[in-house]
Amino acid sequence: MMAGVAEDEEKWLSAGITGLQQNAFYMHRALDSNNLKDALKYSAQMLSELRTSRLSPHKYYELYMRAFDELRKLEMFFKEETNRGCSIVELYELVQHAGNILPRLYLLCTVGSVYIRSKEAPAKDVLKDLIEMCRGIQHPVRGLFLRSYLSQVSRDKLPDIGSEYEGDADTAMDAVEFVLQNFTEMNKLWVRMQHQGPARDKEKREKERSELRDLVGKNLHVLGQIEGVDLDMYRETVLPRVLEQVVNCKDEIAQYYLMDCVIQVFPDEYHLQTLETLLGACPQLQPSVDIKTVLAGLMERLSNYAASSAEVLPTFFQVEAFAKLNIAIGKVIEAQDDMPIYGAVTLYASLLTFTLHVHPDRLDYVDQILGACVKKLSGKGKLDDSKATKQIVALLSAPLEKYKDIDTALKLSNYPHVMEYLDNGTNKEMSNVIIQSIMKNRTCISTAEKVEALFELIKGLIKDIDENLQDELDEEDFKEEQNSVARLIQMLYTDDTEEMMKIIHTVRKHILTGGPKRLPFTVPPFAFSALKLVRRLQSQNENVSGEEVAATPKDIFQILMQTIEALSSVPAPELALRLYLQCAEAANDCDLEPVAYEFFTQAYILYEEEISDSKAQVTSIHLIIGTLQRMHAFGVENRDTLTHKATGYSSKLLKKPDQCRAVYACSHLFWLDEHNDMKDGERVMLCLKRALRIANAAQQMANATRGSSGSVVLFIEILNKYLYFYEKGVSQITVDLIQSLIELVKQEMSGENTTPEPATDAFFASTLRYIQFQMDKGGVVADKYKPIKI
Amino acid sequence: MNYIIGAFKPACHISITFFDGKSRKQVPSKKENGQTLMVPLFQSQENIVGKISIEPVSGKKVEHNGIKVELLGQIEMYFDKGNFYDFTSLVRELDIPGELYEQKTYPFEFSTVEMPYETYNGVNVRLRYVLKVTINRGYAGSIVEYQDFVVRNYTPPPSINNSIKMEVGIEDCLHIEFEYNKSKYHLKDVIIGKIYFLLVRIKLKNMDLEIRRRESTGSGANTHVETETLAKFELMDGAPVRGESIPIRLFLSPYELTPTYQNINNKFSVKYYLNLVLVDEEDRRYFKQQEITMLRLAETS
């Protein structure tokens, strides 16, 4: 059915074009032979094709454009005709003899154009006559095109100031009057289209209308280009008249389009000076008009204008642009009862952008907008409208982007209230945006108060907001967001130790609410942040001793202890263990033996009670050993206890090679280079020997179970330890011992059952090369190595 | 041979020329056979002066019982074709009975001739003025020659010329108010006016202004009325809404109009009407007819 209509239309169009071309041909012939009478006759016949009612606007336009081209030629002819002495006044009468009105008026406009150009009558009089006569076309489409033609041929002939057609005193007014009248009439025709024809074609009609809208809007463009329209005239005449028409036409499509046109066409400066009038029209528009987009467009323009030059800003203040916009938005929201939430939020977001551009120093304005937004949202609960949510995110992001400083946002009391209306997902997203902003601008949040506010803001990330609602959040996303929280914690920093202490308290309070899923992410950065403070306090203490300090490392360690304990609820023993060890090391640096001991104890307890996975055990024990090795704060007794324990754990590891490695690592616990009281060759030796034994056992076990001798790599590793301690001067390590171990390795490697392992071979070869190197070096070291035979 | 030719050819040529024939304005006049001929134009009370030249064919003598010229004003009704009613008849004797041997020229003059009616070519009636030269020959039949001329009379501009203004309508359907700037128009006039739509509840398609001529002939029971539409001028395209006002500007010069004739010699009348026609989408016509008076102003040029 539709296809049929389209086909028919195509046929009608081509028939129209054919008719038009045919008459155009005869018209040309008449033009060539200077036959005015025939020229008029055939041009009128040609234009009769435009009388059709069968074409959609789109197709009609095609026909119109062809006629338009022909009329250009006719106009040239008329011009020549007057040059040849034909009176333009007579010509103007002659074309009016045509019986059909549409061709008559097209011809009249064409001659009118020549008439104005001839200057035999004032442009304003001719224009006035033309516009009056055009009333005869009441058919919307035909009328719109005719008037559009009039507008087209007259636009360079308006009696504008500075134009060659300039008339007497009120000349620009005449030009404006003409265009305004054409605009008004065209808009009426355009609106009328909506009400003609059956209701079922409404959609089609609306589509057709939107195809025609630029014909109407063009008039506003022309108005915008009239030189004579200064601010006063714009304020007194142009704007009120245009708005009057816009408001009175009571048509949704027209109102939306035309408001937008007005905003886009006229200079920003004018808008600023007539803001009240322009905004005053908004609440009077039909409730269904998408006024938010219109206003958003206006505010965007004004924002850009404000951004364009600092010189224009005083004008903004002078006209109280913000207050006016704010009031207008309030009114619009009030007037349009069924405006969706997102509409309102969009408006506020635009206003906010505007404010940020124009009044960057007026935080109160920003807060006021947010407040208004809260008011609108209140009682509605969480938003489930994705568009609204998006707008709120935009609303909330704007100040962050503008000020590049979260501090400012934190000062906005309504900011968190707005956030509350976001659904959980978006809330988190917004929190992320906030964090990103902080990270990007490397803003330090430097007071506990702000930290408090910030955490309040991003609480969606900090804790589960709705416990009943099990988040089906993607694991990856969750990690991502918690990682950003972790990074954020690093940004909570001040040089003022006292304040920093407060910050630490605050952070702790918040992260502890995070629940087991979040703690593994949040506790480490917190711990490190706290340890950083410890180090700072430490260095301060060294500088200014004796001063009473509010925050002491001891306090911090206490906090840390409690915080890390919380990880047991996760549980995350390995992480906790690492943190304990970190703390222990820090305590060691502060010479707080009992504290360090306590941390170690905690670590050991975790090791014993919680870490059961053998791999984890291996890692942990190496960490313990490594940390313990560096501890110097411990007295002999404590140290003994701890080292004893560590060696004990080492030898109890499950796999022999692991045991072996752990045990030989323990040897380092007894030989600290810088501390002479911690050099116990005996025990070093003991450890190494035990390691050797275990290595043997491992070898045998491998033989027994797999029928092949195991790797000799353990022996080589132990050999390296021998060499290390030998070099350090542990007297218990003798050349003989080394020598025999080398032999052992060689023997093992050449054994029949041994599968050759390139890595091991290389390892051994490079060990031997090292020995050789040391020998060749000369001096004391070489002397030591000389006795070794390789 | 000569005899035969002589029997069918007129025995002499008669030519009628006007004294100021070269300078006098000529206007087209439609003859009975449909041909258009340029003929001189006169108005009432003018002197009709000229000469008549009679030339016998190739030296033949023409015997006659006298020669005369008549000025006739005639009305011919088409239902009574060929029967002329002379409302004006003036005679000048040119020659006494005698013989004509060679070309002879007779001047003639009708002074301040009353020609109250204009030449008119209507549907059912014709009014004409003619000069008729008769060479009276008793037995051989008279030789007659005609010369048409046109009479137009001019009226001064009317001292009172009211506009026509009227509100018409169909209850609850259509109410309009229209206005024509005058009630009396001259032939080259322009009708200016407007139509104001007070109420529109029907879907109009267009609106035309027609000029209609109503010619009535005869009288009493034999009255014959013939109406012609001389102009159909589209005023509006499309459907207006309430409050619209549509301008009228109709130039009368392209149309062949005459002045209004009121009861010419009790034989006929010609009246003019403006007919405003509105057509709706179902092609129903709504119209209102108003008489206007047409008059002829003296041409200034």
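How many nonpolar, polar and charged residues does the lining of the second largest pocket have? The exercises below work on a predicted model.

**Exercise 1. Describe the second largest pocket.**

Step 1. Start with the volume. About 1000 Å³ of space lies in this second largest pocket.

Step 2. Look at the lining. It is made of 33 residues. Pro28(B), Arg152(B), Glu256(B), Leu257(B) and Thr258(B) are the closest of them to the centre of the pocket.

Step 3. Sort the lining by class. It holds 11 nonpolar, 10 polar and 12 charged residues.

Step 4. Trace the lining back to the strands. In chain B, strand 2 (26-30), strand 10 (120-121) and strand 12 (143-151) each give at least two residues. Strand 2 of chain B has the largest share, with five residues.

**Exercise 2. Find the largest cavity and say which elements supply its lining.**

Step 1. Recall the idea behind the search. A probe the size of a water molecule, rolled over the atoms, shows where space is left empty.

Step 2. Count. The whole structure has six cavities of 30 Å³ or more. The largest cavity has a volume of about 70 Å³.

Step 3. Name the lining from chain A. Gln96(A), Ile101(A), Arg104(A), Leu105(A), Met133(A) and Gly136(A) belong to it.

Step 4. Name the lining from chain B. Here you find Phe233(B), Leu235(B), Ile246(B), Pro247(B), Ile248(B) and Arg249(B).

Step 5. Assign elements. Helix 5 (101-118) of chain A, strand 18 (224-237) of chain B and strand 19 (245-251) of chain B each supply at least two lining residues. The largest share, four residues, is from strand 19 of chain B.

Step 6. Sort by class. Eight lining residues are nonpolar, two are polar and two are charged.

**Exercise 3. Locate the nonpolar cores.**

Step 1. Begin with the general rule. Nonpolar side chains tend to be buried together in soluble globular proteins.

Step 2. Take the largest core. It has 279 residues. The members that touch the most others are Phe316(A), Tyr415(A), Ile434(A) and Phe557(A).

Step 3. Zoom in on Phe316(A). Skip its neighbours within four places in sequence. Phe316(A) is then in contact with Leu272(A), Leu302(A), Tyr305(A), Ala306(A), Ala321(A), Phe354(A) and Val358(A).

Step 4. Look elsewhere. Apart from the largest core lies another, of 72 residues. Leu187(B), Leu209(B), Phe233(B) and Tyr286(B) are among its members.

**Exercise 4. Examine two residues with a positive phi.**

Step 1. Know what to expect. Most residues other than glycine have a negative phi.

Step 2. Check Asn34(A). Its phi is near 55 degrees, a positive value. Asn34(A) sits in the loop between helix 1 (2-32) and helix 2 (36-48) of chain A. Its relative accessibility is 39%, so Asn34(A) counts as partly exposed.

Step 3. Check Lys250(A). This residue has a positive phi of about 50 degrees and is not a glycine. Lys250(A) is in the loop between helix 10 (231-249) and helix 11 (252-265) of chain A. The cut-off for exposed is over 50%. Lys250(A) has 55% relative accessibility, so it counts as exposed.

**Exercise 5. Compare three salt bridges, then find a network.**

Step 1. Recall the principle. Side chains of opposite charge can pair when their charged atoms come close. The count over all chains is 50 salt bridges.

Step 2. Take Lys202(A) and Glu206(A). Their closest N and O atoms are 3.2 Å apart. Why about one helical turn between Lys202(A) and Glu206(A)? Because the two are four residues apart in helix 9 (residues 202-225) of chain A. Lys202(A), at 44%, is partly exposed. Glu206(A), at 25%, is partly exposed.

Step 3. Take Glu276(A) and Lys324(A). Their salt bridge is 3.7 Å, N to O. It links distant parts of the chain, 48 residues apart. Glu276(A) lies in helix 13 (residues 275-281) and Lys324(A) in helix 16 (residues 321-335), both of chain A. Glu276(A) is exposed at 56%, and Lys324(A) is partly exposed at 22%.

Step 4. Take Lys502(A) and Glu499(A). The closest N and O atoms are 3.8 Å apart. Both residues lie in helix 26 (residues 497-511) of chain A, three residues apart. Lys502(A) is partly exposed, at 45%. Buried means under 20%. Glu499(A) has 18% relative accessibility, so it counts as buried.

Step 5. Find the network. Salt bridges link Glu132(A), Arg135(A), Glu185(A), Lys188(A), Arg192(A) and Glu244(B).

Key:
Residues are numbered from 1 along each chain as its sequence is written. Chains are lettered from A and ligands numbered from 1 in the order in which they are written. This is a predicted model: local features need pLDDT of at least 70, side-chain atom pairs count only at pLDDT 80 or more; totals for chains, interfaces and linings use all residues. Side-chain values use heavy atoms; hydrogens and water are left out. On a 1 Å grid over the protein atoms alone, a cavity is a set of points where a 1.4 Å probe fits but cannot get out, and a pocket is an open set with protein on both sides within 12 Å along at least five of seven lines; lining residues have an atom within 4 Å of a point. Grid points are joined across faces, edges and corners, and a volume is the space filled by probe spheres set on the points. Ala, Val, Leu, Ile, Met, Phe, Trp, Tyr, Cys and Pro count as nonpolar, Asp, Glu, Lys and Arg as charged, and the others, Gly among them, as polar. A nonpolar core is a set of buried Ala, Val, Leu, Ile, Met, Phe, Trp, Tyr and Cys residues joined through side-chain atoms within 4.5 Å. Buried means under 20% relative accessible area, exposed over 50%, partly exposed in between (1.4 Å probe, protein chains only). Contact means heavy atoms within 4.5 Å. A salt bridge is a side-chain nitrogen of Lys or Arg within 4 Å of a carboxyl oxygen of Asp or Glu.
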